[in-house]
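Student: I would like a close look at a single part of this protein, with its surroundings worked through step by step. Please keep it plain.

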Amino acid sequence: MSDKDNDQFTPNFSQVRLSFFDLRKKLEELHENEKSSDKDDKKEEILGQIKHLAEEENDPEALCWYGWNTIQGDFGLDTDPEKGLKLLHKAADEGLTDALVKLADLYSGQVDDFPRVHQRFSRAYQLYKQAAARGNSYSDYRLAMMHGYEQGAAPDRKKARAFLVSAETFHRQ
C-alpha cells in the first residue's frame, strides 16, 4: 500500500462536526465557568453552530433547545416567544417527546414568564396525551392534574387516578 493510499483513510478532524450534545455541554460549561475575555466570542460561535443544527439541519434536539432558550431569552439569546414556539413545534413534528412536553407546559401555563395570550388548555391536553403515549410519566401526572383541576379536561376522578397510577408506574421503571 502506498503513502497515497494511506492518506485516503486519515480522517480530517478539523472537519468533524460536533454533535448537538457536545455543543450544548461546551456552551453550558462556558456559561458557568469561563472567565476569559474571549468568552463572548466562544459563546457566539457555539450558539451559531447550534442555530445551524436547528434551522438548517432540523436536528430535533437542537430545535428544541434553541426554541426553548429563545422563548426564555437564556444564554444571551434575544427573547422571541413566537420564534421559539415555531422551533419547538418543528422539533415536536420531528418526533421529539421533550418538545411535546415543553409545548404542553407553555400552553398550560406552567411557565411563568410565557405570555398568557398563548394559554390553550385543550392544546396542552392533546400534547400531554401524545407524550404520555410515548411513556412520559410527567405528562401522565399533568393529565391527572388537568382532570382534577378542570383545565382543558372534563372533571373525572377515575381518569385522574388512572393517569396518576400510570405516572407512578412509568416513573418506577
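Are tryptophan 65 and phenylalanine 75 buried or exposed? Please start there and work outwards through the helix that holds tryptophan 65.

Tutor: This is a predicted model. Tryptophan 65 and phenylalanine 75 are both buried. For phenylalanine 75 the relative accessibility is 13%, and the residue counts as buried because the cut-off is under 20%.

First, the setting. The protein chain has nine helices and zero strands, so the pattern along the sequence is simply α-α-α-α-α-α-α-α-α. Of the 173 residues in the protein chain, 36% are buried. Among contacts between residues at least 6 apart in sequence, 45% join residues at least 24 apart.

Now the pair itself. A search of the whole structure gives four aromatic pairs. Tryptophan 65 and phenylalanine 75 form an aromatic pair with ring centres 5.2 Å apart and planes at 45 degrees, which makes the pair tilted. Tryptophan 65 belongs to helix α4, whereas phenylalanine 75 belongs to the loop between α4 and α5 (81–93), so the pair ties together parts that are ten residues apart in sequence. The two rings are also part of one aromatic cluster, made up of Phe20, Phe21, Trp65 and Phe75. The backbone at phenylalanine 75 deserves a look too: its phi is near 60 degrees, a positive value in a residue other than glycine.

Elsewhere, glutamate 150 also has a positive phi without being a glycine, at about 55 degrees. Glutamate 150 is in the loop between α8 and α9 (157–172). With a relative accessibility of 52%, glutamate 150 counts as exposed, because the threshold for that class is over 50%.

Back to α4, which spans residues 60–72 and includes threonine 70. Threonine 70 has a relative accessibility of 3% and therefore counts as buried. Leaving out residues up to four places away in sequence, threonine 70 touches Leu77, Asp78, Thr79, Asp80, Lys83, Gly84 and Leu87.

Next, the packing of α4 against helix α6. Two packed helices are described by the angle between their axes and the distance between the axes. For α4 and α6 (residues 97–107), the angle is about 20 degrees and the axes are 10 Å apart. The cut-off for roughly parallel is under 35 degrees, so α4 and α6 fall in that class. Their crossing is left-handed.

Which residues make this contact? From α4 come Cys64, Trp68 and Ile71, and from α6 come Asp98, Ala99, Lys102 and Leu106. An α-helix has 3.6 residues a turn, so residues three or four places apart point the same way. Within the interface, lysine 102 lies over the face of tryptophan 68, 4.6 Å from the ring centre.

α6 is mostly covered, with nine of its eleven residues buried. The buried residues are Ala99, Leu100, Val101, Lys102, Leu103, Ala104, Asp105, Leu106 and Tyr107. Lysine 102, which lies over the ring of tryptophan 68, is thus one of the buried residues. The partners of these buried residues are α4, α5, α7 and α8 (137–148), so α4 is one of several helices against which they pack. After α6 comes glycine 109, whose phi is positive, near 85 degrees.

Tyrosine 107 is among the buried residues of α6, and its ring has a charge over it as well. The charged end of arginine 120 sits over that ring, at 4.7 Å from its centre. Tyr107 is also in contact with histidine 118, which is found in the loop between α6 and α7 (121–133). Besides Tyr107, the contacts of histidine 118 include Glu82 and Leu85, with neighbours within four places in sequence left aside. Histidine 118 has a relative accessible area of 12% and is buried, because that value is under 20%. From C-alpha to C-alpha, histidine 118 and proline 81 are 9.5 Å apart in space, although 37 residues separate them in sequence.

To return to your starting point: tryptophan 65 and phenylalanine 75 are buried, and they share an aromatic cluster with Phe20 and Phe21. The helix that holds tryptophan 65 meets α6 through Cys64, Trp68 and Ile71.

Note on methods:
Residues numbered from 1 in each chain as written. Predicted model: local features only at pLDDT ≥ 70, side-chain atom pairs only at ≥ 80, totals over all residues. Heavy atoms only, no water. Helix = DSSP H or I, 4+ residues; strand = E, 2+ residues; numbered from the N terminus. Buried < 20%, exposed > 50% of the residue type's maximum accessible area, 1.4 Å probe, protein only. Contact = heavy atoms within 4.5 Å. Phe/Tyr/Trp six-rings, centres within 6.5 Å; stacked < 30°, edge-to-face > 60°. Lys NZ or Arg CZ within 6 Å of the ring centre and 35° of its normal. Axes fitted to C-alpha atoms, helices over the stretch in contact; angles between N-to-C directions. Parallel < 35°, antiparallel > 145°, perpendicular 65-115°, else oblique. Left-handed = near helix turned anticlockwise from the far one by under 90°.
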